[in-house]
Amino acid sequence: LLGKPDRHLHKQGRPAGRRRFLHPRGHRGHLWFGSARGLTRYDGEEFLSFTLGDGLEPGHGPQRRLAEDAEGGIWYGASRFDGRRFTTVTQADELVRGVEHLMQDRTGTIWASLWGFTLARYQDGRFVEFTGIDGLRQKWVRPLLEDRQGNLWFGTWNAGAIRWDGQRATTFGQADGLGDDSVFCLFEDR
C-alpha cells in the first residue's frame, strides 16, 4: 500500500532532488518530475513527492522515463502509480533493474527498453522479453516510437534504427543515411 507521501513544497517551489526528466501534463492536468530522490507531482498549487518508502522501485539508479498509459496510470521506470498506490513490475525471473524508455502502442501494449539489452512487453503483470526480431538483444534497444502507420521504431546503442511492422524488421544505419549508428531519441513531427 502507498505510505504517507512526503507532502511539502521544497525550496523555491521545486521538487526535491536534482530534476532529471519532466513529463508533460497527464490526463488529470498534473505535471510530473522524476529526480534522483523519486517522483514528484505538481497539481498547480503544491508538489507531492513520492519516494522509495511509497513503493517506488529504485531500479538501476534513478529511473529515466515517465509515461502515462491509456488507463491514466503513471509509469516511473518499473513502478506504476494508479492514483492511490505504486505497483512494481517484475521480469519473469528477476526484478527489472532499470527502464531506459517506455511507450504504449495503439493496441494498448506497454513496451520498455530495459537495462541489460532487453526489449520487453508488459504482459500478465510483468515485463516479458520480446524475441520477435532475431539478434535484437545484442543491439541494446533504447528509444521507442510508434509512427502514424503503426510501425514500431527502436533506436539502438550502436546498430542504427530498427523499424518493425509487426511481421518484419528493417534496420537503418549510417550506410542508409543516418548520421550515426547510435540512436538516442526518436520523434515523428507533424
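Colleague: In this predicted model, is S113 buried or exposed, and what relative accessible area does S113 have?

Modeller: Burial is read from relative accessible area, and a residue counts as buried when that value is under 20%. The value for S113 is 0%, so S113 is buried.

Colleague: Where does S113 lie, and which residues is S113 in contact with, once neighbours within four places in sequence are left aside?

Modeller: S113 lies in strand 12, and with those neighbours left aside its contacts are G98, V99, E100, H101, T118, V141, R142 and L144. R142 also appears in a polar contact, since a polar atom of the S113 side chain lies 2.7 Å from the backbone oxygen of R142.

Colleague: How do strand 11 and strand 12 pair, and what lies between them?

Modeller: Strand 12 covers residues 110–114 and pairs with strand 11 in the antiparallel sense, over five bridges; one of the bridge partners is W111 in strand 12, which is matched with M103. The two strands form a hairpin with five residues between them, and in the turn G108 has a positive phi of about 100°. Strand 11 itself, residues 99–104, is largely enclosed by the rest of the structure, because five of its six residues are buried.

Colleague: How should I read a positive phi in a residue that is not glycine, such as D124?

Modeller: The general idea is that most residues other than glycine have a negative phi. D124 is not glycine, yet its phi is near 50°, a positive value. D124 sits in the loop between strand 13 (118–123) and strand 14 (126–129), and D124 counts as exposed because its relative accessibility is 82%.

Colleague: How many salt bridges does a search of the whole structure find, and which residue does R80 pair with?

Modeller: Side chains of opposite charge can pair when their charged atoms come close. The search finds five salt bridges, and one of them joins R80 to D69, with the closest N and O atoms 2.7 Å apart. This pair links distant parts of the chain, eleven residues apart, with R80 in strand 8 and D69 in the loop between strand 6 and strand 7. Both R80 and D69 are buried.

Colleague: Which residue forms a salt bridge with R148, and how many residues apart in sequence are the parts that the pair ties together?

Modeller: R148 forms a salt bridge with E188, and their closest N and O atoms are 2.7 Å apart. R148 lies in the loop between strand 15 and strand 16, while E188 lies in the segment after strand 18, so the pair ties together parts that are 40 residues apart in sequence. R148 is partly exposed at 46% relative accessible area, and E188 is partly exposed at 27%.

Terms used. Residues are numbered from 1 along each chain as its sequence is written. This is a predicted model: local features need pLDDT of at least 70, side-chain atom pairs count only at pLDDT 80 or more; totals for chains, interfaces and linings use all residues. Side-chain values use heavy atoms; hydrogens and water are left out. Buried means under 20% relative accessible area, exposed over 50%, partly exposed in between (1.4 Å probe, protein chains only). Helices (H or I, at least four residues) and strands (E, at least two) are DSSP runs, numbered from the N terminus. Two strands pair if DSSP finds at least two bridges between them. A polar contact is a pair of N or O atoms within 3.5 Å; within protein, one must be able to donate a hydrogen and the other to accept it, and residues adjacent in sequence count only if both atoms are side-chain atoms. Contact means heavy atoms within 4.5 Å. A salt bridge is a side-chain nitrogen of Lys or Arg within 4 Å of a carboxyl oxygen of Asp or Glu.
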